[in-house]
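Okay, thanks for making time, everyone. I'll put the sequence and the structure up now, and then we can walk through it together.

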Amino acid sequence: MALSLSTLIALVVTVCFLGFHVPSQASSSSHRFLRCLSTHVPSQLLLTPRSPSFKPLLVSSIRNAKFVAPATARPPLCILTPTKASHVQAAVRCGRRHGVRLRVRSGGHDNEGLSYRSQRPQVFAVVDLAKMQAVQVDPRRATAWVGSGATLGELYYVVGTAAPGLGFPGGVCPTVGVGGLFSGGGFGLLMRKFGLAADNILDAIIVNADGMVLEGKKAMGDDLFWAIRGGGAASFGVVLWWKVRLVPVPPKITYFSVTKTMNQGAVDTVTKWQTVAPALPDDLTVRVLVEQRQANFQSLYLGNCSAVVRTLHHGFPELGVTRADCREMSWLQYVAYLYFGDAINNAPLELLLLNRTMTLGPFVKNKSDYVKKALTKNTWEKIFTWPNGAAQGQVILEPHGGRMAKIADAALPFPHRSGVLYNIQYVQFWNGNGAGNSSSPNWINGLYEFMTPFVTKNPRAAYSNYRDLDFGVNKVVRGVSTYESGKVWGERYFGGNFRRLTMIKRKVDADDYFQNEQSVPPLPF
């Protein structure tokens, strides 16, 4: 016999909080929240732990295996999969009324999993935007409206097929959600030519902390529009749609991959790369992956192979690029090839780029740094030979310069512009099976500590999309995150722009409804 809605909700609340020692008042509030939401949202869009589809949906977008157990052990009260603005409005209004906070998930790549889990014993619901994934391209105006639930692969595929000759400056991984990428800045191999993804956002539609839809930057005002483009939109509301500027790309672009071992001069080449890569023509980006005592140099060049070989022959002969290292392809083929490699020869691009699923791999930990002064050869020798132990470590170097160096540090919340040579991302992979293996191995922490003298200081800068809770978490006093606790990590991500973000937070969400462990706190009155 089918259960009535009221009976189902009661059972859900019991199951959801079983073992969490939640006071009866909180359970009552959760019950009222679910009843409130169910009157405004179709039942098929609202999943609770009682539903057999709940756990598969919760886990479906988890990209880091180490968060599966924490996320399922302390699950959200429910997962809402909205299809229109009114559903999100209902979630905000019901949540505020009944004391249930929201976490917003776009693609699930949050490095600390804060879009779908809470480290604190907090009652929360997840708004999963995956169904708000449409991409509407206007080739004549070279713009597109993109739903926050779209992945980069979906954005790239629709743009590349609807408007050949146009592209978008985003990241490498096609399953990354645009909502998270845009709101943290968003860099990739086109940023030296066109800036960050956030630099190319023209407009947006957001549900604010009062549950109102603000349709466009005029409605939200200059401050809020500034904040959501690189300052972490989830601190300020739920962005539903983004209008982006598309950028011109030639019919053929060039990719090359050159790998050098230490015996082949990898250390010398990377040492030279530090000052050469940021000064190359804006049409050319050369990134580096350092792993297993070798360096892999990967490129994007907005032109043909002959031209890039000539450019590097004169400007970076140590790399030794030849025509045999190059591969010419369309921009759409390029964004697929960079992630999938030769698989693009055996599968249609839509099958690869539109696939939102991702095999759950090992446990992962990320950290980041910015470099303004080139490291010495001796330092790089130590990095190349840093002991991995039982884990796998990778260092990814993304060059800045070009357009990035021409944009003011305060133009958007993302401040890492002037004087930056490159960004470093440290990535650690390890097998987390078995007891006691949920914490990060020593490789990444040891290398990060070693790098202290060689990277930015006061504060030691980091990229907000490589979120790192090791920097600290907000202290909450009477329901509001404190400015002083947020400043500890906030100035690392946003530099001098952090204070302006907290001022905007005070203006648009003074009681800190949109709150997580590293959300922007409101500046005290």
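So let me start with a question: which residues lie nearest the centre of the second largest pocket? Keep in mind as we go that what you're looking at is a predicted model. The ones to click on are Gly-99, Val-100, Arg-101, Gln-122 and Val-123, out of 18 residues that line the second largest pocket. As for volume, that pocket holds about 310 Å³ of space. If you ask which elements give two or more residues to its lining, the answer is H2 and H5.

Hang on to those two helices, since they come up again with the disulfide. The structure has one disulfide, and it is formed by Cys-36 and Cys-94, with the sulfur atoms 2.0 Å apart. Cys-36 sits in helix H2, residues 24–38, and Cys-94 sits in helix H5, residues 85–98, so the bond ties together parts that are 58 residues apart in sequence. For those of you who like torsions: about the S-S bond we get about -70°, so this disulfide is left-handed. Both Cys-36 and Cys-94 are buried.

A couple of other cysteines, while we're here. Cys-173 is buried at a relative accessible area of 16%, and Cys-305 is buried too, at 3%. The cut-off for buried is under 20%, so both values qualify.

Back to Arg-101 from the pocket, because it also belongs to strand E3, residues 101–105. Five of the five residues in E3 are buried, so the strand is largely enclosed by the rest of the structure. Now, which way do the side chains go? Arg-101, Arg-103 and Arg-105 point one way from E3, while Leu-102 and Val-104 point the other way. Yes, that's three arginines, and they are buried along with the other two. E3 pairs with strand E4, residues 124–128, in the parallel sense, over five bridges. If you want one pair to look at, take Val-104, whose bridge partner in E4 is Val-127.

Next up, the sheet further along the chain. It's an open sheet of seven strands, antiparallel in its pairing, and the order reads E15-E12-E14-E13-E17-E18-E16. At the edges you find E15, 326–329, and E16, 363–371; each has a single partner strand, so one side of each has no neighbour in the sheet. On average, neighbouring strands here are turned by 20° against each other, ignoring direction.

The partner of E16 is E18, residues 422–430, and nine bridges join the two in the antiparallel sense. One example is Asp-369, whose bridge partner in E18 is Ile-424. And what packs on this sheet? That's helix H10, residues 266–276, which touches E12, E13, E14, E17 and E18. The direction of H10 makes about 40° with that of E14.

Last thing: enclosed space. How many cavities of 30 Å³ or more does a search of the whole structure find? Just one, with about 100 Å³ of space in it. The lining has 14 residues, and those nearest the centre are Tyr-156, Gly-170, Gly-171, Tyr-334 and Val-335. Helix H12, residues 331–340, gives the largest share of that lining, with four residues.

Okay, that's my tour. Shall we rotate the view and take questions?

Definitions and conventions:
Residues are numbered from 1 along each chain as its sequence is written. This is a predicted model: local features need pLDDT of at least 70, side-chain atom pairs count only at pLDDT 80 or more; totals for chains, interfaces and linings use all residues. Side-chain values use heavy atoms; hydrogens and water are left out. Buried means under 20% relative accessible area, exposed over 50%, partly exposed in between (1.4 Å probe, protein chains only). Two strands pair if DSSP finds at least two bridges between them. A disulfide is a pair of cysteine sulfur atoms within 2.5 Å. Axes are lines fitted to C-alpha atoms, for helices over the stretch in contact, and angles run from 0 to 180 degrees between N-to-C directions. Contact means heavy atoms within 4.5 Å. On a 1 Å grid over the protein atoms alone, a cavity is a set of points where a 1.4 Å probe fits but cannot get out, and a pocket is an open set with protein on both sides within 12 Å along at least five of seven lines; lining residues have an atom within 4 Å of a point. Grid points are joined across faces, edges and corners, and a volume is the space filled by probe spheres set on the points.
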